[in-house]
Amino acid sequence: MGWDYALVHIKFTIPLAGLLTAVLKPLLTRTDLYKTSALIVIAFTSALPWDSYLVHQRIWTYPEDAILGPRFLKVPVEELFFFVIQTYITSMFYILLNKPSFHPQYLTNRADSAPGVQFVRRLGQSALTVLIAYGFYLVRKGGEGTYLGLILAWACPFALLTWTFSGLFLLRLPAARIALPILIPTVYLWLVDELALGRGTWAIESGTKLGICIFGSLEIEEAVFFLATNVLVVLGLVAFDRGTAVVNTFPGLFPEVPATPTFSLVLKGVFTNPSKYDIARVRGLRDSVKRLKSKSRSFYLASSTFPGRLRIDLVLLYSFCRVADDLVDEARTQAAALDWIDKLTKYLDLAYASDAKASASTHSLAGYIDKNFPESARSALKLLPTSLLPKEPLYELLEGFKMDLSFTQGDGRKSSPQFPIKDEQTLELYAHRVASTVGELCLWLVFHHSQTRLAPDQQAVLVAAARTMGHALQYVNIARDIKVDAAMNRVYLPTSWLKEEGPGQGPDQGGLRLTPEDIIRNPDQAGAETLRQRLLDLAFREYGRSRPVMGSIPDGDGVRGPLIVAVESYMEIGRVLRERAGVPCPKNPDRATVPRSRRIWVAWKNLALA
Ligand SMILES: CC(C)=CCC/C(C)=C/CC/C(C)=C/CC/C(C)=C/[C@@H]1[C@@H](COP(=O)(O)OP(=O)(O)O)[C@]1(C)CC/C=C(\C)CC/C=C(\C)CCC=C(C)C
């Protein structure tokens, strides 16, 4: 009996697994734990007979004085533990690096894939087939190539199977998110192996190996073994993610999906014929997530913490809100902007036509969208999950956009600007329309996807808190954008506050009062900063009223933490603005931003505390 092999775990594998667990714990979803457990079971059951065969054949040996003693099918317990811990470590690296991935956008089929990509998939299949054949050839031949042959003949069929099913999907994923979780643990295990073999913890018998060392005493077979097993783990995880993405993305194929899909459901997803995929929906999701990523870093990061279908629907809701806001905002004339609002209203009328007319209206809705909206906006309108959302907040959101139009009188942006935000009540009404509505809509999606059914009065309390939180976020938004808005002749600071602030710089005010025109002329002046801080105080007051209620969001479905992250990531912009107190951000002088590392910290911390 000896401790050498156990010490390899105590010194090298367990601490790394512990560190990864500590970093990832707040980010791990039930699905993450489920897929890691599934992979461990699969890795264990597939590696055990193979490893046992190697030990029986004395290709691998373990000196008795290097191991604790207990064995199963001749395999020492330390080795059995290796199957588990290696799979766990590689899975954790994969999950960590793939947290931001929005997998539905990578679903694809032959019709949707470029010929070059299909060629690479076939090339991979051919290469793996050749490696399998070569592996069997080496095993049959015996002698020095035996161990390498056994590795290839064992690992490559699994790789071929997963590559065949998931190759096109995998080729769409960002390469680093696949390569790094393979390479980092592989190189780490190579170093561990170098130490272990150097100490004689385990040995490969000399007649069955090529005798080539990659570096030090790391044999080529050991290097290939760790690389191949990590490739298998990552391919397995990719297959799982693809299966999960299929069941979450296509309600038409999978009408009811639990928040954590069962293993059999994921398998159904994996084996669903890709020709059945609704590729138009996938393309719409690609557009939506691209829009979210480019327009809101806070919500993009927050979205990655939401589970399954809820994440998809939130991304779609964001996309709709952004498209609608941009159509109105970017219209060249007020008449054109009003026209967009009319069209969006008609769109909602059609989308919410009564059930009796539903099938006819679905058809006419798509036709209406195609006829009236630009190509770039269509998928956002077609994919909005209206069946899960009440219509009132959506109509009210359009009323909010109308308020934006009252900054311009008449036709053309050149006419003198108007300032509709006269006082704090109007500001609140505006925030209510453009942001409380959004908070409420987010919450209805949460209610829909939640397994926990809330009583109507509990829902009402949460909806009220979401509306209040909408005020807070909108005030932060306005406080951040004073300069950007001024460049568009818009001042959302209440005119009554400006009056209180004085002295202004405008000649017509005689230097006594601050006016919206003064802010447009010089949004960097001290008075604007004072009012920014006043608005932030109001934002944090509303936040303070709403935030404690978030503790009562049921956490059974893993949505409380993500909702808090969404809110806190945005409020962090307000905290940055408070800290900077008017000193412009060096990276973006017009618009304060939260540095990436700080955003990640906010997300991590709030998930840990939720
Ligand atoms: C995680 C995730 C993907 C969330 C999506 C949230 C979502 C649907 C946001 C819509 C954003 C949008 C474009 C709305 C149009 C009107 C508008 C501009 C509103 C302002 C948002 C700012 O977005 P952004 O910074 O991208 O816009 P600009 O660059 O300024 O053009 C708002 C500030 C409103 C945001 C309000 C919310 C997200 C509501 C917050 C409340 C909750 C999440 C509910 C919390 C629950 C409880 C119980 C308190």
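## Predicted model and overall build

A helix is here a DSSP run of H or I of at least four residues, and a strand a run of E of at least two. By that count residues 151-171 are 100% helix and 0% strand, and the C-alpha atoms at the two ends of the span are 25 Å apart. The model is predicted.

The protein chain holds 23 helices and six strands. Its C-alpha atoms fill a box of roughly 95 × 55 × 45 Å along the principal axes. Of its 610 residues, 43% count as buried. Among contacts between residues at least 6 apart in sequence, 76% join residues at least 24 apart.

## Annotated spans

The unreviewed UniProt entry lists residues 6-24, 80-98, 119-139 and 151-171 under "transmembrane region". One of these, 151-171, is the span described at the start. Residues 80-98 are also 100% helix and 0% strand in the model, and their end C-alpha atoms lie 27 Å apart.

The unreviewed entry in UniProt also gives "domain: Lycopene cyclase" for residues 16-94. Over residues 16-94 the chain is 68% helix and 8% strand. The end C-alpha atoms of that stretch are 14 Å apart.

## Nonpolar cores

The largest nonpolar core has 93 residues, and within it Leu317 and Val476 touch the most other members. Helix α11 (residues 308-329) supplies the largest share of this core, 13 residues. A second core, separate from that one, has 63 residues, including Leu39, Met92, Ile95 and Leu152.

Leaving out residues up to four places away in sequence, Val476 touches Leu536, Ala539, Tyr570, Met571, Ile573 and Gly574.

Helix α11 has 22 residues, of which 18 are buried. From first C-alpha to last, α11 reaches 32 Å, close to the 32 Å expected at 1.5 Å a residue.

## Shell around the ligand

The shell around the ligand has 33 residues, and Ser296, Ser303, Cys321, Ala435 and Gly439 come nearest. Two or more residues each come from α10 (297-303), α11, α16 (424-449), α17 (456-480) and α22 (560-580). Helix α17 gives the most, with eight residues.

By class, 23 residues of the shell are nonpolar, seven are polar and three are charged. Helix α11 thus appears in two settings: it is among the elements that give two or more residues to the shell, and it provides 13 residues of the largest nonpolar core.

## Glu572 in helix α22

Glu572 is found in helix α22. Glu572 counts as buried because 20 other C-beta atoms lie within 10 Å, and the cut-off for a buried residue is 20 or more.

Apart from neighbours within four places in sequence, Glu572 is in contact with Val594, Arg598, Arg599 and Val602. Glu572 and Ser298 are 274 residues apart in sequence, but their C-alpha atoms are 9.1 Å apart in space.

## Val224 in helix α7

Val224 is placed in helix α7 (residues 220-249). Val224 is partly exposed because it has 16 C-beta neighbours inside 10 Å. Its contacts, not counting residues up to four places away in sequence, are with Leu148 and Ile151. Residue 151 is also where one of the "transmembrane region" spans listed by UniProt begins, 151-171.

The C-alpha atoms of Val224 and Gly527 are separated by 67 Å, and the two residues are 303 apart along the chain.

## Two loop residues with positive phi

Most residues other than glycine have a negative phi. Arg58 has a positive phi, near 60°, and is not a glycine. Arg58 lies in the loop between α2 (30-56) and β1 (60-61). Arg58 is exposed because it has 11 C-beta neighbours inside 10 Å.

Leu73, also not a glycine, has a positive phi of about 50°. Leu73 is in the loop between β2 (71-72) and β3 (75-76). With 12 other C-beta atoms within 10 Å, Leu73 is exposed, since the cut-off for an exposed residue is 12 or fewer.

Notes: Residues are numbered from 1 along each chain as its sequence is written. This is a predicted model: local features need pLDDT of at least 70, side-chain atom pairs count only at pLDDT 80 or more; totals for chains, interfaces and linings use all residues. A nonpolar core is a set of buried Ala, Val, Leu, Ile, Met, Phe, Trp, Tyr and Cys residues joined through C-beta atoms within 7 Å. Two residues are in contact if their C-beta atoms, placed from the backbone, lie within 7 Å. UniProt positions are given in the numbering used here, feature names are shortened, and annotations may be inferred rather than shown by experiment. The expected span of a helix is 1.5 Å times one less than its number of residues. A residue is near a molecule or strand if its C-beta atom, placed from the backbone, lies within 6 Å of it. Ala, Val, Leu, Ile, Met, Phe, Trp, Tyr, Cys and Pro count as nonpolar, Asp, Glu, Lys and Arg as charged, and the others, Gly among them, as polar.
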